[in-house]
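User: Hi! I have a structure open at my bench and would like to talk through its sheet pairing and its charged side chains. Could you take me through it step by step?

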Amino acid sequence: MNQCRLKYCAVKTDLLLRFQTTVVKHMSVAVCVVLPMFKLTVVRVTLLPVAEHNQETQPTVLWTDGAEVCDTAVEQKDCGNKGLAYVLHTSGTTGFPKTVRVPHKCILPNILHLRSLFQMTADDVVFMASPLTFDPSVVDIFLALSSGAQLLIIPSVIKKMPNRLAQLLFKHHNTTVLQVTPTLLCRFGHRVLQQEVLSCGSSLRVLALGGEACPSPALLRSWRHEDNKTLFFNIYGITEVSCWACCYKIPHSSNLSSSSEASVPLGTPLMDTVVEVRDEHGGVVTEGEGQVFIGGEDRVCLLDDEEDVSPGTMRATGDWVNVRDGQLFYLGRRDRLIKRNGKRVNLDGLQQLISSLPQVEACAVALYEGVRLLAFVVASTSGGQKAAAPLPSPVRLQQTSGADGDLSRQIVDQLSLLLPSHSVPDTLLLVPALCLTPHGKVDMEALMKIYQRQKRGLEAPQGDFSKLKQTLQSLWQDTLGLPEDVTVDEESNFLLSGGDSLKALHLCEDILSAVGLTSPGLLEVVFDGSFSDILTYIARVTLTPPLENSTAPLPEAQKRHAYAPSVVPAKRERKESQSAAEERPQGERQAFKVIRRAGEVIEINVRSGCQADAVGEKDLSKKRRDDAVGLCLSWSSDTGRCVDASPVLLVHERTDQRSDEAKSTVFIGSHSHRIQALDLDTGSLVWERVLGDRIEASAAVSHCGTLVIVGCYDGCCYFLCAASGKTRWIFETGDAVKSSAAVDPHTGLVIVGSHDGHVYALNPKLKQCVWKRHCGGGAVFSSPCLHPSLRQLYVASLGGRLLCLNPDSGEVLWSDSRDVPFFSSPNCSSGLVAIGSVDGNICCYSNTGRLMWQFSTKGPVFSSPCVSPDKQRLLCGSHDGHLYCLNCADGSLVWTFHTSGKVFSSPCVFDGSAVGRSGKLVGLASTDGTVWILDAENGQMLASHSLPGELFSSPVVYKRSLVIGCRNDYVYCLNLTVKDEAQKD
């Protein structure tokens, strides 16, 4: 009593007299409060100054032989008190909070059976991870006390510091039994889990995971050292039938690795517990899906105002399982099984899949406003790197803003391979840690607030250390509720200054919003470091040196509401374009160019004399080699969500050369489901359409120049009027269409790939599918490439296959198979077939399928090759940050250019005459937001421009205009400027 400072006890009212008689020699008992509803009396107890203790009286201890529940324990259960053991409230994470009154006879079987399963002894140390308001704490307490083991209770502030907590548990106190939620365990991080919690020599004997869906076997294996001997248990139950109902001993990794199961079973019922699975009509399910019901003769609790409940009452859990081979496999809560686009999505299953990815430490998936599928991801931290490592001085700070975008993209790309399109999250947010409820479960409400704050996108005070410090000090004071005039000591620790885990998460989210970044290591710095450590950490990842030729940030335009795509404001719309093309005289010949990514130019009825139509070319011809090139902003257009698609330009002319009829239009789609048609010269909106889902595919233009064709995540290929945007035809495939269509100039067929693994040949005139061909495995992500004269169509799949098809019939002419997927699109403009591979190779085949050569880069190749107009050189980017210029004949390296980021998109080669240069130029984008202009002859950089977002879109150039999409929601047009070297002085 002295050690635990016991002052009050809650005693069953009808046992009060017996309690007083029993303890009269040891303490005085005074009644404080009577609680008739709970039939309890709260008494104050005071230890007497002199107490006589009978040394011969031994306390009754429940015991087990370590293999099964012993007879004396069963007798203890049978003669146990039938009154209430404790009262608590449910957490409310799966419904409305309830008051639960738990009888002794309900919880006692849990203690006895788990003590036997865990083989508890007096040598064990049990860490009480749960708060007293969460019923697993009762199991922790009495597992220890009934076994003579130690119960380890640690201050709450230490629980919020994962590294220090691990030190205390496993180095100072040698914890042997840990009962915890998976989310709480994940807070340690992979490094600490492998090196301390589940290391080779870890003291931890038993790890019981409960309260949430058990992680996948693969994820469990990744947490533990290969020689770790800890026993893993999956425990399942609900507070309404306190505490646990089922338990499953997870096989050791040596057996688990050969298991074909993607999830861990719930296990068999514990002592005196009955578990049933029923369908929606109440029928018992022995195979298939249904809802779990839990009960038992004595396993009954009183909820809210219930005064009495019939023995054997079965409580509905709201949890759905799949019964398979006598085992129960958790599917999720009923409200976590949703429908999107008419197809079912299991949010818990999706969450588990994302968590199993190697880049992911933890994940939570939720539906925002019933529409948007969100994934909150905590990224894995690297090796043993300390999150708060101080900066050496002096140091050149490097820009890291592109890293998070690359990681997000990498995760989404992987999910696109593993999942149907309706299950891929609409938005993936990198967060420093998952918000937790006091019970250690994921706090979805708090995560939604983070999403809302990030959506508002506070402006970052980057570039000024003093402003950064002032911002951090203000946020620190605001989070801790300190007056503005209070000085913050640079050595102050946030938690020791009055903060807690929830306030730490709020501080992290405020910092990340203010500086415009995401960082998985920040929360750990807040927990363990000082104010100075936090400031140093933020400075390292935000303050960057100015980039050459960068411009000031563009003014923020008024954005449309990105989450109500059906409502499209009429902004800058030009009425005159709506029907102009449809009212042209019959028989008038169309003359137009289509300019696409990778320098592809398709000309229809264009006179040869129109090739040299650059503005001011005559004036520039005399000094062409002396002119320098610059880049500056011409216009931008807000699409509402990030733009990964590449632009397509349609340049119209009339054969009678009436200048007032010539026009150039940009077509580009975005994640906001919108496709925009924009005037190339002014950026004004010609028309805008909202399609059925996000658009990542680049558009194509029909061979007659009147239709724009674009694929969509809803599995459809849309044929829209180029002049007005009106729908002419919709063709539905079996899955998302991320491939850009190829157009046969001879037959007019539109050939497009789908994530359903097929490539389709579509006739827009007849509105029918002429043929389709399955590509032998894997989705078709990349775009088909057509060689019109050879009548060969090249298609690549994520299954690692490159096929050559007859474009008229779909017949396979030849194919080649590799072990890695193709994200890059083939290019056959040189007569050979070039393509990039995820294994880092740029491969070149003959038109008969023979591998001619391959060039190895130092990173995956997602970029599609571009061939120079003279067919002599091939250019292709790599994730290693380089652009490679190769000889088409033998693959030898001509030159290379190192960018400041990764190269995901495709380069384009264009004529330099419009800007006063006689040779060819190269347009290039790197993921860090930089657009580059290079000399195609030697790779020398001529100009660069920094955009305020990541670039996965490929640049397209016409005359002096370079158009590109950006992940900050905008489409940009940059103007190539001429700088006369002779006039510089």
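Analyst: Happy to help; what follows covers one sheet and several salt bridges in this predicted model.

User: In what order do the 4 strands of the open sheet lie?

Analyst: Strands of a sheet pair through backbone hydrogen bonds, either parallel or antiparallel. In this open sheet the pairing is antiparallel. The order of its 4 strands is 34-35-36-37.

User: Which are the edge strands?

Analyst: Look for strands that pair on one side only. Residues 742-743 make up one of them, and residues 768-774 make up the other. The edge strands are therefore strand 34 and strand 37.

User: Which residue in strand 35 is the bridge partner of Ala742?

Analyst: Strand 34 runs antiparallel to strand 35, which spans residues 750-753. The two are joined by 2 bridges. For Ala742, the bridge partner in strand 35 is Ile751.

User: Now to the charges. How many salt bridges are there?

Analyst: Side chains of opposite charge can pair when their charged atoms come close. Here the cut-off is a Lys or Arg side-chain nitrogen within 4 Å of a carboxyl oxygen of Asp or Glu. By that rule, the number of salt bridges is 17.

User: Is Lys12, the salt-bridge partner of Asp14, buried or exposed?

Analyst: The closest N and O atoms of Asp14 and Lys12 are 3.6 Å apart. Asp14 has a relative accessible area of 59%, so this residue counts as exposed. For Lys12 the value is 18%, and the limit for the buried class is under 20%. Lys12 is therefore buried.

User: How many residues apart are Glu240 and Lys98?

Analyst: Glu240 forms a salt bridge with Lys98, with 2.9 Å between the closest N and O atoms. Glu240 sits in the loop between strand 10 and strand 11, whereas Lys98 sits in the loop between strand 4 and strand 5. The pair thus links distant parts of the chain, and the two residues are 142 residues apart.

User: What is the relative accessible area of Arg315, which forms a salt bridge with Glu306?

Analyst: Their closest N and O atoms are 2.9 Å apart. Glu306 is partly exposed, with a relative accessible area of 25%. Arg315 is buried, and its relative accessible area is 13%.

User: Which residues do salt bridges with shared partners join into one network?

Analyst: A salt bridge needs a Lys or Arg nitrogen and an Asp or Glu oxygen. In this network, salt bridges share partners. The residues joined are Asp744, Arg791 and Asp808.

How values were computed. Residues numbered from 1 in each chain as written. Predicted model: local features only at pLDDT ≥ 70, side-chain atom pairs only at ≥ 80, totals over all residues. Heavy atoms only, no water. Buried < 20%, exposed > 50% of the residue type's maximum accessible area, 1.4 Å probe, protein only.
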